[in-house]
Amino acid sequence: MTSHELPRPRGCVAATLNVRFALAGLSTLLGWGLGWSALTPLANAETKPDFALTVNAGERGAAFSDTMHGVFFEDINYAADGGLYAEMVQNRSFEHRAPLYAWSVSDDSITLEVAATKGLHKNNPAYARVRVPESAESGAIVNDGFDGFAVQAGERYLAALHVRSDQPGAEVSVVLRDGEGAEIARAVLGEASSDWRRFEGELTAEQSAGDAKLSVEFGGPGAYDLDMVSLFPADTFRGRRNGLRKDLAEKLEGLKPAFVRFPGGCIVEGRTLDNAYRWKDTVGPVWQRKQNDNLWASRENPQYHQTYGLGFFEYFQFCEDIGAEAVPIVNCGMGCQFRGRDVVPMDELGPWVQDALDLVEFANGPIDSKWGKLRADMGHPEPFNLKLLGVGNEQWMEGYFERYLVFYHALKQRYPDLQVVSTSGPQANDDYYHYAWKRFQSDVKADVVDEHYYRSPQWFLSNHERYDGYDRTAPKVFAGEFAAHEPDRASTLRAAVAEAAFMTGLWRNADVVTMASYAPLFAREGAVQWAPDLIWFDNTRSYGTPSYHVQAMYGQNVPDVVLPVTVEAGSAPQPQLRGRIGVGTWETAAEFKDIKVTRGDEVLYESSGDLEEWEQHGGDWTVEDGVLRQTSQATNVRAFVGSEDWTDYTLTLKARKLRGREGFLVSFASTDPRETSWWNLGGWGNVDHGLESPLLGLERKRGGVEEGRWYDVRIEVGPQSVACYLDGEQIHRAELPPLPPVYAAAGADDETGEVIVAIANPAAVAQTGRVALAGGSVTGAVAYELSSDSPRDVNSFEAPTRVAPKQLSIEASDGVVEREFPANSFTILRMQPAK
């Protein structure tokens, strides 16, 4: 049974990966962060490979959906403004929280302020009022762009702005200047008038500069009102005027995504409903779009903003350009449940439902309909042929489902062929998830259910069979947001290979999983709210992470049908829980005492009141009367003691919360301070107890911690299991599942006649593998191989292709393909069967 324990109906069989290997003599995994130790080989190792993989090409399984692999776009990490959206001016319409952010004056004689009287449009009321004194012949205001304007010599740039003045006839120009103030390019746009007037012009850079600034210059004294100041590179993706940054869009196209989910994500929900994403604000002329502050604004990036220049029209157009299905997500009448409890009352839900219906009309309606006409007026009279629509992002429980059902029935009544996507909540296996799937099996209809999981690489390796036992009569699954999270959130080869291994399970279960997308997609260097991410960029450069290449390899090699795979191999060494113990807090002050570690009758450690023996990571620690006290309310405060070689032990202690928003942390099996192996008591705002470990993944159960009360904590750590007790009651128990030596899945490409095999080797050693067809032979193969020197290798601006796939041609020997699969590698084989 899988995590939500749904039985598989008789007669419905997934294309399983059959692995035959000896379970005796499992080796201990030393330093899991470095990968697996060597496999025990098959008998007669001198003549046999480490594993033999057989694909049964004659037993065709489930068909792959046309939307198997896609991408998830959310405006996080400056993914839209300052990222994929090619606009180079930041705060072009003075609507930021700080309305003059990124703007300054050319000299102190110029006055710059924000006004809102008779603005350009009701949705864009603010504008800049610039006063050039009588004593000056000219004046200018200057925009810094997104960390400067990166311009290339000989390249063309398209400028636009709206202006009016009490001095009609004054000349208006835009000028690019380098960091020293020298002019790089100039365009005279025209003469100002007393009414709002839009100007457009073209500049050609005479030299390159990475730190240029854009000046809007006025050719005489007077008052000038200025709005919607814009500068785009002429060379955008597909050459579109309000277009996308070419290199980033091409990287998305290179993934060959079958769909693009948009616009999120938590962005859909908003911090509150006032901040929610409303699609109607994002269409029409860009100067008429109602802008929004970004939910992902942070202390480091407080002016993170949404201009909606990349709105729903541009989104649908991009999907059409790259041949991807659009999967828009609409707000279900709820703000972000993580951030608050803002909901639309049921009797006021009508306008939100109508927004969803109108979005489908905008995408598909005839040009004589209200929203179909707007689409046509924007330049696309033909429908976009929208087929899928998601209702809600990560909402949960009854509050969500009662609203979702109103949307579902209204959408199906108006558009019966539309595929409606629901959600199972924010976690892979919590109470919300179980509740959701019970509803989907009883009274809630959905075509597809969106599941999310951000977990350790080990979780992905351990959960490759997640969908083997899913109910084949239940809704299909959309693995809508997933990523393997290293402790330091680095985008490593190890994480990518773990994701690749997990995705073999998606292929094997193509009758259940019809959509999958990594998340998040983009990250701008220096403006990151979330990591890891698929594509990193700055103003001029971009690169794909190892995970990007895994997604591209899958997206570019989707078979038509599943073929079953059998693997014969030696025993796979299993990871083992071992390491130090520790205590800690998260935004909370707490005390700990009577800390003891035993193995049977042996006492491995007993607290002595000596603070020096503890390795501290943050916080304010003291010891008094044998009580270890931590008084800081910072995040992720920890202290460790003991040996990294400890295994098979029991940790007991008493813990008391003093103050703060959460409970306390008790670490176990810790070998690296960056690795999170702990029991999180009263976590997530003091609502859940969570068992968290790179080896075990995450298990959450309802529970909180009271202030001032001593709790008895006991954690029993076995080589492959852990049990957690609070005041004598078992709250969690988890075991490490056995891991296969290799991960594989296969399918047939009906157009080329090839057999496509995906093989992940997360071991720390290379393995020789023999790949054959049952009842047939192979003439040769093309291999796409992703590997590197170390599982911790990453790509960077300085080494963007350190981890990148290589294409190899392989000759068959005696009708089979035999080759060495490198350590920590992922390989796609396209094999040519003999006729």
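# A walk through the model

Start by selecting Ser 93: leaving aside residues up to four places away in sequence, Ser 93 is in contact with Asn 124, Ala 126, Asp 227, Met 228 and Gln 291. Keep in mind as you click around that this is a predicted model. Ser 93 belongs to the loop between strand 3 (71-72) and strand 4 (103-105). Buried or exposed? Ser 93 is buried, because its relative accessibility is 1%, where the cut-off is under 20%.

**Over to Met 228**

From that contact list, pick Met 228, which is part of strand 14 (residues 222-233). Check its backbone: phi is near 50°, a positive value in a residue that isn't glycine. Met 228 is buried too, at a relative accessible area of 4%.

While you're here, compare another residue with an odd phi. Jump to Asp 727, in the loop between strand 42 (721-726) and strand 43 (729-735). Asp 727 isn't a glycine either, yet its phi is positive, about 50°. At 34% relative accessibility, Asp 727 counts as partly exposed.

**The sheet around strand 14**

Now show strands 5, 6, 14, 9 and 12 as cartoon. These 5 strands make an open sheet, in the order 5-6-14-9-12, with antiparallel pairing. Which are the edge strands? They are strand 5 (111-115) and strand 12 (197-204), each of which pairs on one side only. Look along the sheet for the twist: on average, neighbouring strands are turned by 35° against each other, direction ignored.

Zoom in on strand 9 (residues 156-165) and strand 12, which run antiparallel and are joined by 8 bridges. A handy landmark in this pairing is Leu 161, which stands opposite Phe 199 in strand 12.

**A cis proline and an aromatic pair**

Next, select Phe 262 and Pro 263. The peptide bond between them is cis, with omega near 5°. Pro 263 sits in the loop between strand 15 and helix 2 (266-269).

Stay on Phe 262 and turn on side chains. The whole structure holds 56 aromatic pairs. One of them joins Phe 262 and Phe 312 edge-to-face, at 5.2 Å centre to centre and with 80° between the planes. Why does this pair bridge separate parts of the chain? Phe 262 is in strand 15 (residues 259-262) and Phe 312 in helix 3 (residues 312-322), so the pair ties together parts that are 50 residues apart in sequence. Phe 262 counts as buried at 3% relative accessibility, and Phe 312 does so at 1%.

For a second cis bond, go to Ala 519 and Pro 520, where omega is near -15°. Pro 520 is in the loop between strand 23 (513-518) and strand 24 (522-524).

**Two packed helices**

Select helix 4 (residues 350-364) and helix 6 (residues 397-414): they pack at an angle of about 35°, their axes 10 Å apart. The crossing of helix 4 past helix 6 is right-handed. Show sticks for the contact, to which helix 4 gives Trp 352, Val 353, Gln 354, Ala 356, Leu 357 and Val 360, and helix 6 gives Val 406, Phe 407, Ala 410, Leu 411 and Arg 414.

Keep Trp 352 selected and add Arg 278. The charged end of Arg 278 is placed over the Trp 352 ring, 3.6 Å from the ring centre. For another case of an arginine over a ring, hop to Arg 714, which lies over the face of Tyr 725 at 4.0 Å from the ring centre.

**Strand 28, face by face**

Colour strand 28 (residues 565-569) by residue and follow the alternation of its side chains. Which residues point to the buried face? Val 565, Val 567 and Ala 569 do, whereas Thr 566 and Glu 568 point to the other face and are not buried. Bring in strand 2 (residues 51-55), which pairs with strand 28 in the antiparallel sense over 5 bridges. Across this pairing, Val 55 is found opposite Val 565.

**Last stop: Ala 484**

Finish on Ala 484, in strand 22 (residues 476-484). Ala 484 is buried, at 1% relative accessibility. What surrounds it? Residues up to four places away in sequence aside, Ala 484 touches Arg 455, Ser 456, Pro 457, Phe 460, Ala 495, Glu 499 and Pro 532. Draw a distance to Glu 499: the two C-alpha atoms are separated by 6.3 Å, with the residues 15 apart along the chain.

Methods:
Residues are numbered from 1 along each chain as its sequence is written. This is a predicted model: local features need pLDDT of at least 70, side-chain atom pairs count only at pLDDT 80 or more; totals for chains, interfaces and linings use all residues. Side-chain values use heavy atoms; hydrogens and water are left out. Rings of Phe, Tyr and Trp (its six-membered ring) pair if their centres lie within 6.5 Å; planes under 30 degrees apart count as stacked, over 60 as edge-to-face and the rest as tilted. Helices (H or I, at least four residues) and strands (E, at least two) are DSSP runs, numbered from the N terminus. Buried means under 20% relative accessible area, exposed over 50%, partly exposed in between (1.4 Å probe, protein chains only). A charge sits over a ring if NZ of Lys or CZ of Arg is within 6 Å of the ring centre and within 35 degrees of the ring normal. Contact means heavy atoms within 4.5 Å. Two strands pair if DSSP finds at least two bridges between them. Axes are lines fitted to C-alpha atoms, for helices over the stretch in contact, and angles run from 0 to 180 degrees between N-to-C directions. A crossing is left-handed if the near helix is turned anticlockwise from the far one by less than a right angle, and right-handed if clockwise.
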